[in-house]
Number of protein chains: 4
Amino acid sequence: MSLPDPVSLRPAADDYAYTFGGRQPLVTVQPGTVVELSTEDCFGGNVRGVGDLPSQVCTFPYLNPVTGPVMVAGAEPGDTLVVHFVEITPARDWGVSSTFPHFGALTTTHSTAMLHPPLEERVWVYDVDVPAGVCRFRARRGDFTVELPLDPMHGTVGVAPAGGETLMSITPGAHGGNLDTPEMRAGTTAYFGVNVPGALLAIGDGHARQGEGEVCGTAVETAMRTTVIVDVVKGGAPAWPRLENDRFLISTGSARPLEDAFRISQHDLVGWTRDLLGLEELDAYQLVSQAGLAPAANVCDTNYTMAAKLPKGLLGRVRAYDGVHDRLRESAAAYLRER
Amino acid sequence: MSLPDPVSLRPAADDYAYTFGGRQPLVTVQPGTVVELSTEDCFGGNVRGVGDLPSQVCTFPYLNPVTGPVMVAGAEPGDTLVVHFVEITPARDWGVSSTFPHFGALTTTHSTAMLHPPLEERVWVYDVDVPAGVCRFRARRGDFTVELPLDPMHGTVGVAPAGGETLMSITPGAHGGNLDTPEMRAGTTAYFGVNVPGALLAIGDGHARQGEGEVCGTAVETAMRTTVIVDVVKGGAPAWPRLENDRFLISTGSARPLEDAFRISQHDLVGWTRDLLGLEELDAYQLVSQAGLAPAANVCDTNYTMAAKLPKGLLGRVRAYDGVHDRLRESAAAYLRER
Amino acid sequence: MSLPDPVSLRPAADDYAYTFGGRQPLVTVQPGTVVELSTEDCFGGNVRGVGDLPSQVCTFPYLNPVTGPVMVAGAEPGDTLVVHFVEITPARDWGVSSTFPHFGALTTTHSTAMLHPPLEERVWVYDVDVPAGVCRFRARRGDFTVELPLDPMHGTVGVAPAGGETLMSITPGAHGGNLDTPEMRAGTTAYFGVNVPGALLAIGDGHARQGEGEVCGTAVETAMRTTVIVDVVKGGAPAWPRLENDRFLISTGSARPLEDAFRISQHDLVGWTRDLLGLEELDAYQLVSQAGLAPAANVCDTNYTMAAKLPKGLLGRVRAYDGVHDRLRESAAAYLRER
Amino acid sequence: MSLPDPVSLRPAADDYAYTFGGRQPLVTVQPGTVVELSTEDCFGGNVRGVGDLPSQVCTFPYLNPVTGPVMVAGAEPGDTLVVHFVEITPARDWGVSSTFPHFGALTTTHSTAMLHPPLEERVWVYDVDVPAGVCRFRARRGDFTVELPLDPMHGTVGVAPAGGETLMSITPGAHGGNLDTPEMRAGTTAYFGVNVPGALLAIGDGHARQGEGEVCGTAVETAMRTTVIVDVVKGGAPAWPRLENDRFLISTGSARPLEDAFRISQHDLVGWTRDLLGLEELDAYQLVSQAGLAPAANVCDTNYTMAAKLPKGLLGRVRAYDGVHDRLRESAAAYLRER
């Protein structure tokens with residue numbers, strides 16, 4: 001089998017989308033296509049120094065631009081859109097992070113509404129050194145500085161929502177969107193339930209790295225050069241986004257309160273495990289309870305996201321989605337060799 | 001001043017909307033116009049007997065039809081849309097309620113995801129006797145029956161959301177939508193922040209009555225004949241929907257967890273009180289803390305809604321929104337006399 | 001039947017308790033006894049002017065003193081302790097309220113932990129005019145002042161907890177405690193499940209009035225002269241405190257998040273309605289959904305409390321707990337006549 | 001410096017405690033003492049086969065026995081109790097897990113109260129093979145079986161609570177208790193704020209392993225032979241339990257909703273990082289946001305627990321608590337060599 005020719009998608013400034021749903025596709029591709037994307041950072045590239053306060057240089061709702069949507073030929077409602085991340089590479093030698101008024105886990109927000117004035121809005125600029133694989137944090141007060149490992153990922157990946165909804169790109173949900181999980185890195189395959197013909201995939205919000213929970217509300221935000229392979233599995237649409245890497249099956253849930261995000265992700269992982277291993281449901285519940293991991297993804301966005309992870313070693317020879325992850329790993333390796 | 005001629009809006013079956021946002025207006029009216037609407041029930045009129053299970057006779061996403069949108073001339077983003085409810089009258093001599101799989105406060109749902117099978121789906125048909133002012137509950141098992149007072153209201157009232165979003169009509173939020181508060185009855189004035197030119201008001205989900213919290217997920221659902229007067233206050237857009245009746249100012253908040261809905265509503269009421277009475281914020285916080293009421297609206301929808309109520313007696317001669325509620329009460333009385 | 005002689009309980013300063021559980025009874029009474037209590041305010045009477053900041057004049061854990069415990073002879077685990085409030089009268093002509101660092105619904109707390117400094121700690125002193133039935137609020141900034149109706153009640157009423165636990169008096173739960181519901185007023189009968197021999201009733205935290213939710217964290221706090229009649233119903237221990245007045249049955253739930261407090265209270269009210277009316281459970285769920293009220297009690301304490309109310313008119317001739325509320329109303333009237 | 005002689009604590013059946021607080025110490029030890037403990041499993045050893053349903057063979061409140069309390073000489077309120085886990089070894093060649101009515105994350109509970117009947121109560125028995133380092137899961141329906149790595153830990157470790165409270169051992173909180181984090185393994189040092197003279201440490205609830213979140217409500221429960229070294233740091237009492245191992249500083253938070261547990265843990269980690277590195281608070285917030293991990297501990301107990309982890313590599317030469325972890329690691333190694 002030969003892959004379709006790679007497709008390049010490098011949006012101009014006016015081409016970015018700020019919602020999932022409600023947009024015409026920028027491009028249509030066949031299943032199995034390699035797509036080479038460029039993405040802007042969540043501030044639209046407008047925060048370039050410590051003096052660029054996001055609330056001053058960004059304009060609502062033009063936040064968190066995403067690249068796409070990409071229509072995938074043949075993807076129909078009820079199918080599973082498969083997105084394998086081949087490469088995610090910072091496109092700049094710097095990234096930024098910031099506090100933002102009424103955003104973050106340790107501050108009053110518009111929903112956790114309190115009488116406090118907002119925390120100070122402050123910007124941090126990181127050096128991003130791709131060859132060395134590190135980014136450098138510098139305290140804004142005092143001279144403390146430290147290198148952190150690069151771990152590039154996309155905060156925002158998703159498809160058009162169900163029910164005819166159009167959702168801002170900052171919202172995570174059953175359609176994906178702003179999941180903000182560090183698991184969305186190269187080598188990972190993401191699965192989304194398709195809600196509209198063509199699925200309408202969009203990707204953005206590159207992070208040079210982020211902590212689990214994205215506590216302050218932003219990661220080390222940077223533009224990315226990203227390569228994915230998109231594919232379609234007929235049927236089998238997961239209710240919530242799933243991920244797979246070489247070591248783990250990962251279910252996600254996005255909701256508030258955070259225990260509901262946890263419940264969704266664990267409920268999905270129990271069902272996935274039950275189906276893959278042919279277990280009765282309570283047996284799968286038991287196995288996931290003893291073997292699973294449960295890191296926070298984000299606890300700052302309009303919904304919170306938890307991940308539920310099962311070591312694939314438990315599966316023996318069983319493969320999720322008929323082994324598409326392994327096949328796309330091979331396709332990715334071939335692409336990288338031949339590029 | 002003479003009112004514009006009343007406008008009638010009686011949608012055909014295909015004219016209902018199922019979202020806020022994403023729809024062209026059905027009609028454009030001038031501020032001050034009386035609008036006579038007909039609305040369908042939340043099941044689209046498809047549940048007509050105890051054998052009509054909603055999950056079988058209704059099709060996602062064609063749930064909770066709303067009448068509109070109505071474009072209000074001159075309403076601009078940042079303005080306040082004013083909707084005064086003149087009359088809400090059940091259009092049928094029956095109403096229905098039901099449990100619905102994965103919906104309601106005392107059942108596993110798609111977000112409070114659990115391993116239980118759904119509760120039994122069951123329909124109750126109520127007699128609605130408008131002249132007598134009562135509806136009749138009949139137990140499905142056994143012969144218990146009791147009359148409850150009619151208290152007609154609309155569960156769903158709202159405008160197009162901010163940020164270019166399109167939201168299903170079952171979702172309550174800053175744009176209004178499915179607030180499901182029994183306070184939305186005749187004699188009440190509702191205030192919404194305008195997000196798009198013309199505001200794009202829509203109304204639906206009539207309830208012959210509902211309990212606070214709408215615990216089982218549905219009220220006594222029925223089609224309505226409803227009359228509103230729409231108006232515009234320039235500027236002053238509230239962040240969240242507000243209501244006013246002859247006795248209370250009412251702020252609402254819609255979020256999860258429920259304490260965030262409470263916080264939003266109380267935070268808004270504190271700010272409203274502060275501004276109306278010229279109080280320093282902590283003084284307003286104190287006054288609301290001792291004088292306010294805080295009933296649940298719904299604890300079953302995709303967001304939960306709380307109301308925060310302040311007795312208007314505390315305000316002395318101060319009037320919210322420059323007295324528009326009192327003026328619309330008079331206009332409503334004039335309309336009813338002359339009709 | 002003649003009542004036992006009234007018992008008077010007027011603790012000295014060192015006699016107050018600060019927990020439910022873990023204390024020897026101050027007095028033992030027979031079922032049916034009238035108990036005349038004096039209670040201190042939640043600050044132990046130490047906040048007497050606007051300069052008395054609670055965090056300076058009160059010492060943890062000597063907060064929220066309660067009067068008791070009262071051992072009720074014959075009350076055994078599994079029984080129902082009945083507490084009828086005959087009179088609740090402010091013992092002073094003033095009351096106080098305050099913000100308190102890290103306490104209240106619209107501020108960061110030790111659990112909703114944020115990086116904001118605490119809100120300003122501020123005290124308000126109210127005039128309490130018992131004969132006129134009002135208390136007077138005075139803004140601390142500016143000269144706004146307004147009278148509010150007196151509505152005296154007890155924030156804290158409960159018994160020794162189950163499981164051998166000793167809980168601080170500021171915590172509401174299944175044992176009662178700091179429910180902070182305005183429903184705990186004269187004319188109300190409260191029902192508690194008995195966990196230890198004698199039940200060990202304690203009462204405190206009098207409020208000249210409070211808003212629903214007790215948003216800022218404190219009500220109009222004052223010492224009280226309170227008369228209750230205590231009684232025991234053998235068996236029938238409710239899982240969570242219940243209340244009854246002439247118009248409503250009221251279930252309570254105390255938990256976090258607030259939707260769980262709501263769920264507990266509604267779940268209990270559904271079961272109570274089911275049992276009293278002989279309904280199948282889903283029929284009771286439906287009836288409560290359409291007829292119930294759901295006000296917040298407190299959204300500031302270590303657990304949040306919701307109330308679920310059912311109009312007793314729906315019950316026909318059925319009486320809860322075999323009519324004990326009506327009988328105690330009569331006993332209370334007799335006591336008041338003869339006093 | 002020579003260590004005090006090791007102390008052995010092997011309770012008889014009647015010596016177990018079921019609360020934190022409210023108990024006399026079983027033994028008093030000097031700071032620096034090695035304590036060799038035996039602990040029972042959370043079922044008191046009563047669940048020994050798949051036919052032993054916990055709700056039938058266990059009696060409330062005799063659940064989750066803990067070994068202790070241990071009084072640590074010289075530990076005063078405001079000090080920091082240090083507990084270093086030297087060894088945690090399963091004392092049996094089997095462990096058990098179970099569902100339990102109204103307990104677990106994916107089921108209705110007494111607080112997340114719903115109308116569903118409880119999930120089926122089911123017991124799983126695991127083979128525990130200490131030399132091989134594995135335990136074996138066997139499905140109850142079908143013949144699926146798989147080995148999981150042993151990762152022995154204690155679910156319940158804590159001290160007497162503040163405020164004179166006595167809390168059931170199943171509750172996690174600021175005093176520690178039933179944190180149910182897999183981080184509480186050998187090689188870890190735990191820090192608790194001391195609330196009463198002698199701290200009154202107790203330990204129980206051994207798990208051969210558990211998944212993050214302990215979704216079904218129980219882990220692979222087993223009796224343990226455990227060795228700890230206890231020590232005291234004067235002053236510096238953390239508000240919430242902290243842990244340290246060779247790679248991470250770990251803050252914990254226990255609360256509901258789960259985002260509050262997250263907030264507490266992150267807030268504590270930000271403050272700890274700020275203090276250790278001499279950073280301004282927002283700089284510490286930023287650093288933790290990008291470098292931290294945030295796994296769930298338990299989402300099933302009466303409070304939920306989250307952990308917040310910071311890689312110690314970021315600290316350079318800085319050591320928490322003046323390096324006590326490193327010193328106790330050395331003491332532990334010496335103890336193990338010389339034993």
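The following dialogue examines how several descriptions of this predicted model are justified.

Student: What makes the relation between chain A and chain D that of a two-fold axis?

Tutor: Two copies of a chain are related by a rotation about an axis and a shift along it. Here, chain A is superposed on chain D by a rotation of 180° with 0.0 Å of shift along the axis, at an RMSD of 0.0 Å. That is the relation of a two-fold axis. In chain A, the C-alpha nearest the axis belongs to P295(A), at 2.0 Å from it.

Student: How do you know that chains A and D meet through the same surface?

Tutor: Of the interface residues of chain A, 100% are also interface residues in chain D, so the copies meet through the same surface.

Student: Why is W94(A) called buried?

Tutor: The cut-off for a buried residue is under 20% relative accessible area. W94(A) has 16% relative accessibility and therefore counts as buried. Its place is in strand β7 of chain A, residues 94–98. Leaving aside neighbours within four places in sequence, W94(A) is in contact with V47(A), R48(A), V125(A), Y126(A), V128(A) and T222(A).

Student: Which strands of the open sheet in chain D are called edge strands, and what makes them so?

Tutor: The sheet has four strands in the order β7-β8-β9-β10, with antiparallel pairing. Strands β7 (94–98) and β10 (145–149) of chain D each pair on one side only, and they are the edge strands. From one strand to the next, the twist averages 30°.

Student: How do you know that β7(D) and β8(D) are paired?

Tutor: Pairing requires at least two bridges between the strands. Five bridges join β7(D) to β8(D), the latter covering residues 123–129, so the requirement is met. The two strands run antiparallel. As one instance, S97(D) has W124(D) as its bridge partner in β8(D).

Student: Which helix packs on this sheet, and what does it touch?

Tutor: Helix α3 of chain A, residues 281–291, packs on the sheet and touches β7, β8, β9 (134–138) and β10 of chain D. The direction of this helix makes about 40° with that of β8(D).

Student: What describes the interface between chain B and chain A?

Tutor: The contact involves 29 residues of chain B and 29 residues of chain A. The buried area between these chains is about 2,200 Å², with carbon and sulfur atoms giving 62% of it.

Student: How many salt bridges are counted between chain B and chain A?

Tutor: The count is zero. A salt bridge would need a side-chain nitrogen of Lys or Arg within 4 Å of a carboxyl oxygen of Asp or Glu.

Technical notes. Residues are numbered from 1 along each chain as its sequence is written. Chains are lettered from A and ligands numbered from 1 in the order in which they are written. This is a predicted model: local features need pLDDT of at least 70, side-chain atom pairs count only at pLDDT 80 or more; totals for chains, interfaces and linings use all residues. Side-chain values use heavy atoms; hydrogens and water are left out. Copies are superposed by least squares on the C-alpha atoms of residues with pLDDT of at least 70 in both. Contact means heavy atoms within 4.5 Å. Buried means under 20% relative accessible area, exposed over 50%, partly exposed in between (1.4 Å probe, protein chains only). Axes are lines fitted to C-alpha atoms, for helices over the stretch in contact, and angles run from 0 to 180 degrees between N-to-C directions. Buried area is the accessible area (1.4 Å probe) that two parts lose on being put together, summed over both.
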